[in-house]
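Hi everyone, thanks for having me. I'd like to walk you through one structure today, so have a look at it first and then we'll go through it together.

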Amino acid sequence: MYKNQRGVTLIVVLLLLVAITIIGALAIRASTTQLRIATAGQAQQLMIQNSDAALFQVENPIEINKNMAMNGLFGYISREHDSGKELVFCYKAGDTRFFTFSKASLISWNGNNVKNEGLSELGFCRMQSDYFGTQRKTVMTQIAIKAADMTEAEAFAHLQTGTDPDSAKVDPAQLYTVVATTIFPDLGKSVPNVSINNCFKNQFNAIPESRAAALDAELTPKSTDAEKEQIRLAKLTVSQCLTDLGVPTHTQVARYALMQNFSKI
């Protein structure tokens, strides 16, 4: 009888050890999940803050005269005949000036292909320490400015209240779209730096609906796989390209109207 009791005690102890092990593993997994959620939330907040900081610089009233000069971030792109072009630069923590024309790039259309040979290549963000938007080298933000597609503008939304565009002696309003795309590369899965660089360099930051529809219209039932892939890549934005790679990404889009004053819409 005594030997049987000793055997039962051993089984009970083993079952308790198994239960404790399972409970401990579940607790560790829950803690790890909560830590990942908290880390992802902090990273998302940091990306939002960096995008906000860049857009606040765009809205800086002290810099508006410089920005409207021929080599300014608004002045240059407003003088481009093709409203689909984008003036691109990287928001860097080490730069004393928010925008420098000599460190900007230009993206335009070459048929159904993206052309990135305008100006220089210095404007595109790249995975280098001096291209990050914070001193901690955690987040990186690329800014793109384009003259808005007026065919997609809401009727009269960009006009000054109480004015008649035909008879009022005011300059016609110019609309701009500004896209801030921020990444937190260390938080995602391991991605080659060259792949991230190519997303920043080879894709538009925003594509108007009219342009996307025109690209889709190029496809026919007889289109080859190569032609379909060409259209797909042409419609792929920087944000979509980075997301497909698994890079944590946050994108903010702001629209501005330059009238007799400068306002956000």
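Okay, let's start with a pair of strands: β4 and β5 are antiparallel and pair over eight bridges. Before I go on, keep in mind that this is a predicted model. One bridge to look for joins Met140 to its partner in β5, Ile183. On top of that, β4 also runs antiparallel to β1, and five bridges join those two. There, Phe89 stands opposite Ile143 of β4.

So how many residues of β4 are buried? Eight of its eight, so to speak, which leaves the strand mostly covered. Met140, Gln142, Ala144 and Lys146 point one way, Thr141, Ile143, Ile145 and Ala147 point the other way, and all of them are buried.

Let's zoom in on Ile143. Leaving aside neighbours within four places in sequence, Ile143 is in contact with Ala54, Leu87, Val88, Phe89, Tyr91, Val178, Val179 and Ala180. Ile143 also turns up in the largest nonpolar core, which has 22 residues. Leu87, Phe98, Ile143, Ile145 and Val178 are the ones with the most contacts inside that core. Where do the core residues come from? At least two are supplied by each of α1, α3, β1, β4, β5 and β6. Apart from this core lies another one, with 16 residues, among them Ile183, Ile196, Cys199 and Leu242.

That brings us to helix α4, residues 193–202. Which residues of α4 are buried? They are Ile196, Cys199 and Phe200. Why do they sit on the same side of α4? Because they cover an arc of only 95° around the axis. Here's a handy rule: an α-helix has 3.6 residues a turn, so residues three or four places apart point the same way. And the cover over the buried residues of α4 includes β4, β5 and α7.

Now for the rings. The structure holds six aromatic pairs. Phe89 and Phe98 make one of these: their ring centres are 5.1 Å apart and their planes are at 85°, so this pair is edge-to-face. Both Phe89 and Phe98 are buried. Compare that with Trp109 and Phe204, whose centres are 4.5 Å apart with the planes at 20°, so this pair is stacked. Trp109 is in strand β2 and Phe204 in the loop between α4 and α5, so the pair ties together parts that are 95 residues apart in sequence.

Are those two buried or exposed? Trp109 is buried, with a relative accessible area of 15%, and Phe204 is buried too, at 0%. Ring pairs also link Phe89, Tyr91, Phe98 and Phe99 into a cluster. One more ring to show you is Tyr131: the charged end of Lys92 sits over that ring, 3.9 Å from its centre.

Let me step back to the whole chain. Its secondary structure comes to seven helices and seven strands. From the N terminus, the order is α-α-α-β-β-β-β-β-α-α-α-α-β-β. Of the chain's 265 residues, 37% count as buried. And if you take the contacts with a separation of 6 or more, 71% of them are between residues 24 or more positions apart. The ring pair of Trp109 and Phe204 is one link between parts far along the chain, 95 residues apart.

That's my tour, thanks for listening!

How values were computed: Residues numbered from 1 in each chain as written. Predicted model: local features only at pLDDT ≥ 70, side-chain atom pairs only at ≥ 80, totals over all residues. Heavy atoms only, no water. Buried < 20%, exposed > 50% of the residue type's maximum accessible area, 1.4 Å probe, protein only. Helix = DSSP H or I, 4+ residues; strand = E, 2+ residues; numbered from the N terminus. Arc of directions from axis to C-beta. Contact = heavy atoms within 4.5 Å. Phe/Tyr/Trp six-rings, centres within 6.5 Å; stacked < 30°, edge-to-face > 60°. Lys NZ or Arg CZ within 6 Å of the ring centre and 35° of its normal. Core = buried A, V, L, I, M, F, W, Y, C linked by side-chain atoms within 4.5 Å. Pairing = 2+ DSSP bridges.
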